[in-house]
Amino acid sequence: MSGLPKTGIVAVIGAGAMGSGIAQVAAQAGHGVLLYDAMEGAAEKGRSGILAGLDKLVAKGKLPAQERDALAARITVAPSLDALAGAGLVVEAIVERLEVKRQVFAALEQIVTPDSILASNTSSLSITAIAAGLKHPERVAGLHFFNPAPVMKLVEIVAGLASDRAVLDTLFATAEAWGKVPVHATSTPGFIVNRVARPFYAEGLRLLEESAADVATLDAVMREAGGFRMGPFELMDLIGHDVNFAVTSSVFQSYFCDPRYRPSLTQQELVAAGWLGRKSGRGFYDYTTGAALSEPATVAPQPAPGVVTIEGDLGPAEPLADLFAEAGIAVTRTDGPGLVRIDGASLALTDGSMATGRVAAGAPADLVLFDLALDYASARRIAIAKADQAPAGAAEAAAGLFQALGKTVSAVDDVPGLVVMRTVAMLANEAAEAALVGVASPADIDRAMTFGVNYPRGPLAWADAVGPERILAVLEAVQAAYGDDRYRPSQFLRRRVASRRPLAG
Ligand SMILES: NC(=O)c1ccc[n+]([C@@H]2O[C@H](COP(=O)([O-])OP(=O)(O)OC[C@H]3O[C@@H](n4cnc5c(N)ncnc54)[C@H](O)[C@@H]3O)[C@@H](O)[C@H]2O)c1
């Protein structure tokens, strides 16, 4: 499988944020690049922007000045669409409107040679629809870069219904040669990343709407227990609520209002208020200078227990047994349903149901649930939730146990699945569904989520580490708790659990 020859000319249409970035990537890979924009002066501006970025790298000693000059020489502004005639690959990165993109592709078809590949960087439009009506729809495919294109490694190679396999293979090999991590995807709403990532935002918003905790606490739990670089609220503030809400709404509409993708009223209100996040100075957080920083809610220091009894297997929380012992707590093990008993509280990993419901069903009355962590040894924070029936002091006693391990503890309300477990289960479920309907292979889905949005682990591999059976049980419990189809487990997950096969690979 070979990519575009190095001598091949790459044309980029649209010199905005994405087009400029893509032009830079192609030039850095050695291609001559033609940059075209319909707006007067925009291509020149795009080119100057690229060069200004390169100048900064030269100033920092990260790029030799010679290399900068070579790159500058490789990027040429094209005065018209006709000037793109010699391109072996055209990457379209113009406004996200189907009719406009179709016009551009129809015009291009008259200009480029028959073996030229036509790619679109669209985030949300159907590649099939963009290619429809062309004389040669088989040479059209998606080449979906992430922002900023020179930095983000992932490129989704998106197949429309008519896309030729050889075209997709060439794009894949080209992206690889450009130092990117390409993955194959079919043209479905949101492709891989913008679809599988939806629950990251949606579950955060749901938890907030149910007053599970405030935004700073939920963000801190997702970062410091979940291992995500950013929590959902700070990330939505960074992306911009207008953009994030539009993507969610578009995916929701495209899937004919499947409740899995239902947008949030809370986010709609932020958009209506013009509180778009960092760019407008206010979103979930206040970014105006002098504004008080929101701090996560944290349980005050509590005494450490001297002894703990672990009844049964703790599953993915099993590393806690060694951590307790290392912290100087005497550990006794007996058979049981997976409980950690200390004076004043019985702790259990969330199984997707409420602590309050578990007590009603026979669990000890002093039950306090704790959340999933990416890695219990390195997690800096743990979320806990006590049952409504628990006596005063149970949450504090449970907090004392985790604090003895050097962790900060956040008490959240007794919501089904807590914070990290519920989000990870839903991400894995969405990844499983995407695999089921052939959006991409399980391996490519995990790769896309780690390289496209920097998740600490691919959702499917993460579910394998937790145990697919446990993830299925969590989803079933959360679905039962809410009676909401949004949480229905994917058939892919059910089948893998039944056949005892891992989800990834
Ligand atoms: N911004 C992102 O985070 C991101 C990420 C991945 C993909 N995308 C996709 O990339 C594309 C471009 O996004 P962007 O953020 O760079 O937009 P942008 O608004 O920054 O740039 C678009 C450019 O296209 C030009 N343009 C518009 N219509 C044109 C036409 N008919 N012919 C030639 N040029 C035309 C505009 O003048 C503008 O300079 C969209 O399809 C978008 O969905 C965006």
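Hi everyone. Let me start with one pair of residues: Ile384 stands opposite Ala411, which belongs to strand β15. Before I go on, please keep in mind that what we have here is a predicted model.

So where does that pair sit? Strand β14 covers residues 381-386, and four bridges join β14 to β15. The two strands run parallel. Now let's step back to the whole sheet. Seven strands form this open sheet, and if you walk across, you meet β10, β9, β11, β12, β13, β14 and β15, in that order. The pairing is mixed. At the edges you find β10, residues 330-334, and β15, residues 408-411, and each of these pairs on one side only. From one strand to the next, the twist averages 30°.

Helices pack on this sheet too. Helix α9, residues 215-224, touches β14 and β15, and the direction of α9 makes about 125° with that of β14. Then there is helix α13, residues 319-326, which lies across β9, β10, β11 and β13. Relative to β10, helix α13 runs at about 150°.

Now for the other sheet I'd like to show you. Here eight strands form an open sheet, again with mixed pairing, and the order is β3-β2-β1-β4-β5-β6-β7-β8. Why is one side of β3 and of β8 left without a neighbour in the sheet? Strands β3 (75-77) and β8 (181-186) stand at the edges and have a single partner strand each, so one side of each has no neighbour there. The twist in this sheet averages 25° from one strand to the next.

Let's look at the β3 edge in detail. Strand β2, residues 33-36, runs parallel to β3, and three bridges join them. Val33 has Ile75 as its bridge partner in β3. Over at β8, helix α17, residues 442-452, lies across β7 and β8, running at about 125° to β8. And helix α4 lies across β1, β4, β5 and β6, at about 170° to β5.

Please remember α4, as we meet this helix again at the ligand. How many residues surround the ligand? There are 22, and the closest are Met18, Asp37, Glu96, Lys101 and Ser123. Let me pick out some distances. A polar backbone atom of Met18 is 2.8 Å from an oxygen atom of the ligand. For Ser123, an N or O atom in the side chain is 3.1 Å from a nitrogen atom of the ligand. Asn147 has a polar side-chain atom 3.3 Å from an oxygen atom of the ligand. On its own, the ligand exposes 830 Å², and the protein buries 72% of that.

Which elements give two or more residues to the shell around the ligand? They are α1 (17-28), α4 (98-111) and β6 (140-145). The largest share, three residues, comes from α4. By type, the shell divides into 12 nonpolar, seven polar and three charged residues.

One last stop: Tyr255, in the loop between α11 and α12. Beyond its neighbours within four places in sequence, Tyr255 is in contact with Thr188, Pro189, Arg195 and Tyr261. With Arg195 there is a polar contact of 2.7 Å between the side chains. And to give you a feel for distance, Tyr255 and Ala345 are 90 residues apart along the chain, with 45 Å between their C-alpha atoms.

Thanks for listening!

Terms used: Residues numbered from 1 in each chain as written. Predicted model: local features only at pLDDT ≥ 70, side-chain atom pairs only at ≥ 80, totals over all residues. Heavy atoms only, no water. Pairing = 2+ DSSP bridges. Axes fitted to C-alpha atoms, helices over the stretch in contact; angles between N-to-C directions. Contact = heavy atoms within 4.5 Å. Polar contact = N/O pair within 3.5 Å; in protein donor to acceptor, adjacent residues only side chain to side chain. Near = heavy atom within 4 Å. Areas by Shrake-Rupley, 256 points an atom, 1.4 Å probe, with all protein chains shown as cover. Nonpolar A, V, L, I, M, F, W, Y, C, P; charged D, E, K, R; others polar.
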